[in-house]
Structures are given as C-alpha cells and as structure tokens.
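Good morning, and thank you for the time. I would like to go through the side-chain contacts of one structure, beginning with charged pairs and ending with aromatic rings.

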Amino acid sequence: MSALNSWLQDVRVLDLSQYIPGPLATLLLADFGADVLKIEPPLGDEMRNLGPRDKSGRPIFYESINAGKRVRRMDLKRAEVREEFLQLADKVDVLMESFRPGVMTRLRLDYATVSARNPGLVYCSLSGYGVGGPLEQAAGHDANYLAQAGVLHRNGDAAPIYFDPPIADTTGSLFAVIAIQGALRARDRTGRGCFIDMALADVAVPLQLFQVADYGARGHSPSRNETYLNGGAARYRIYRTADDRHIALGALEEKFWRCFCETAGRPEWIARLTEPTPQTKLIADLAAYFTELTLATCTARFAAPDCCVTAVLTVGEAMESSYCHQRELVRRGLSGELQALFPARVDGEPPAIRPPARDA
C-alpha cells in the first residue's frame, strides 16, 4: 500500500452528496485514507440508476465513484433520523453536501446548526451556482456551468461542443479536496472548522486565468479556432489520417516544431511557426500531409520524443497501452472491475486498489 493511502487515516467524512462532484471528492479523500460514511436518501443515490450495469447487474458508474466508502440510507426529513444524523456529525471532521442552497437549512442541518455542536467541523457545500447571487436556485449541469463561465464559446469547430469527462463537475471535486485539506490544516492551528461555499459554475474561471488576464488587459474574448490552444495554430491541432483515424500534434515550442518539420521532411514549414493565427493556410497544408499517412505510419515516423505527435486513442486502446500498464494507472479491483486510481506514485509506490462500497 502506498503512503498516499494513509495521509488522512485519522479523518472522518460524512458525505451527503450524489451524482459526480461530491462523491468524486470524497472518493479522493477515501483514497488518502479518510473514513467516508455516505448518507443516501431512502431510495439511494440517483447515480445507481444511471449508466450501464455489469454482468451481476450492479451499476458500474455508481460502484466506481463510491468504492472504499461505507453507505447508509437515512430519511433526514424524519425528526428521529435527523437526530441520529446530528450525532454522527458530532464525531466527524468533514461534512460534504451538494444540495441546492437552502435545502440543508430546511432540514435544520445547515452549517450554523451543525457547527454549534461540532466547532471543528469543515463543512463543504458543493452546489451548482453557490450560496447567494442571481442563479442560486437555478438547476444546471456541466455544460451549463461551462457556458456560464465563457469556456464553451471558444471550444469546438463550427459550434461550441460539450466535454466528456465533464470539466466543471470533476474540477469542482478537485478544488473541493484542495479546500478541505487546507481547512483541515488551518484547523490544526486554530481548533475551528469553517464553511466552504463552492460553486461548480465558479471553478472553470480560475482554469482560464490566461483568458481572464487577456480580457482584463485588452478586452478580448477569443473565438473558436483563433488561439494557439483552441485550434488556431497549425502546430497544436488534431488531424485526420488516411485510415480515418486521428493524430494529435502538440509541437507548441519552436524546438518541438522544428523537430516535427524536419522529421516530416518539410523543413520549409519551420519558418512559418510565427504566422498569425488562425493559421488557415498552414493548417490546410498539414491536413493534406496527414491525409496521405496512416495512423501506424504517423506513430512510427514521429516516434522521436520531441516531435509531440500522439495517436488519438479510444478508451480501450488507452487502457491497454504500455504506458497505462507501466504507470499502473488502472488496476483490477477485488470484484474484477477496472479502477482508475489516484494518479500519483509516492516513494515509488502506486495507490492501493479500492475495496467495494459496503453497507454501514
């Protein structure tokens, strides 16, 4: 077992969240060794009803995001159950919830109520649009949050596209874990917890700090296929191959672009690095070049590390790749399921596989 799996072994987490953002955050906390008790409504987390099922009929998505947790169903609208929940909350370090603002107040399980009994509690509310503001009660999903943040507008080709995996949902999980661990560290000094108000519509904003800074300085909002990161640069695009596969070119820096051009046998392209974006003519030249090569030819020809050329793999191809196997990014769990583990090796050791979720 990696040291990573013991970093939070003395931390107890009460998780009321459902679907992706909250449960992914508590999955990562469980990876660090935290004891996570997931509280679900009487009919269970709705994630149980989404997505495919394995040969035993178990919901694949639900099982993957709740591995390593203890699960209990509770009807928090009942007074006696609410009191039982408060007794659980008295003894934990972290409470995660992902209801719309106001729900926990109506249940009389809001931060003021719970922290009065447990002053050291770190209470994380991970909602769509956060507490307060004009969209507080608006429903939304990942695409709505990315649209609100200005991300969707500049990504895609002829029109904006959705992202898979969902960027705001998963980034919200990561920011929540960062904030929770910071709050726990602060509690070590002060003895007091805090209330963390995190909105999924907010988390995409710091991811685009370059665009925010550019807008502040020049008032500029980039469009699709305009910048060197969203398709405007020939050296940072996806190209179709002769066998209808795709290759990703990522030769942003001059030395990588030079290596690519020389390996391609097109040294005359080197000087075109600085053509203004969108580099429409150069993009067309590269597109014509790649359509003459199969994917296998491309990967063989541009195998040199500094070419920055990568085959666009399917999920299955990626899972079976030598890179994935050697890095031990994916391993079989106790029930034979594939697990995508925390992507860090500590002192050379990969994280341990996760046990399945179990009833508390």
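Is glutamate 84 buried, partly exposed or exposed? Glutamate 84 is partly exposed, because its relative accessible area is 36% and the partly exposed class runs between 20% and 50%. I should say at once that this is a predicted model.

The partner of glutamate 84 is arginine 72, and their side chains form a salt bridge with an N to O distance of 3.3 Å. This pair connects distant parts of the chain: arginine 72 belongs to strand β3, residues 70-73, while glutamate 84 belongs to helix α3, residues 79-89, and twelve residues separate the two. Arginine 72 is likewise partly exposed, at 24% relative accessible area.

Helix α3 carries another such link. Glutamate 83 meets arginine 117 in a salt bridge, at 3.7 Å from N to O. Here the connection runs from helix α3 to helix α5, residues 111-117, and the two partners are 34 residues apart. Both ends are partly exposed: glutamate 83 has a relative accessibility of 32%, and arginine 117 has one of 36%.

Let me turn to the buried residues of the same helix. In α3, the buried residues are Val81, Arg82, Phe85, Leu86 and Ala89. They lie on the same side of α3, because the arc that they cover around the axis is only 145°. As a general point, an α-helix has 3.6 residues a turn, so residues three or four places apart point the same way. What covers the buried residues of α3? The covering elements include strands β1 (12-15), β2 (35-40) and β4 (94-97), together with helix α5. Helix α5 thus appears in both parts of this account: it holds arginine 117, the salt-bridge partner of glutamate 83, and it is among the elements that cover the buried residues of α3.

Across the structure, the count of salt bridges comes to 22. A further example is aspartate 285 with arginine 272, whose closest N and O atoms are 2.8 Å apart. Aspartate 285 lies in helix α11, residues 280-290, and arginine 272 lies in the loop between α10 (254-264) and α11, so the bridge ties together parts that are 13 residues apart in sequence. Arginine 272 is buried, because its relative accessible area is 18% and the limit for that class is under 20%. Elsewhere, Lys38, Glu40, Asp45 and Arg48 are joined into one network by salt bridges that share partners.

I come now to the aromatic rings, of which the whole structure has 15 pairs. Tyrosine 111 and phenylalanine 195 have ring centres 5.6 Å apart and planes at 40°, so this pair is tilted. The pair joins helix α5 to strand β6, residues 194-199, across 84 residues of sequence. Phenylalanine 195 is partly exposed, with a relative accessible area of 36%. Phenylalanine 195 also forms a tilted pair with tyrosine 123, at 5.6 Å centre to centre and 45° between the planes. In this case strand β5, residues 122-127, is linked to strand β6, with the partners 72 residues apart. Tyrosine 123 is buried, at 1% relative accessibility.

Finally, one aromatic cluster is formed by Tyr239, Trp257, Phe260, Trp269, Tyr289, Phe290 and Phe302. Over the face of tryptophan 269 lies arginine 266, at 5.7 Å from the ring centre.

Notes
Residues are numbered from 1 along each chain as its sequence is written. This is a predicted model: local features need pLDDT of at least 70, side-chain atom pairs count only at pLDDT 80 or more; totals for chains, interfaces and linings use all residues. Side-chain values use heavy atoms; hydrogens and water are left out. A salt bridge is a side-chain nitrogen of Lys or Arg within 4 Å of a carboxyl oxygen of Asp or Glu. Helices (H or I, at least four residues) and strands (E, at least two) are DSSP runs, numbered from the N terminus. Buried means under 20% relative accessible area, exposed over 50%, partly exposed in between (1.4 Å probe, protein chains only). The arc is that of the directions from the helix axis to the C-beta atoms. Contact means heavy atoms within 4.5 Å. Rings of Phe, Tyr and Trp (its six-membered ring) pair if their centres lie within 6.5 Å; planes under 30 degrees apart count as stacked, over 60 as edge-to-face and the rest as tilted. A charge sits over a ring if NZ of Lys or CZ of Arg is within 6 Å of the ring centre and within 35 degrees of the ring normal.
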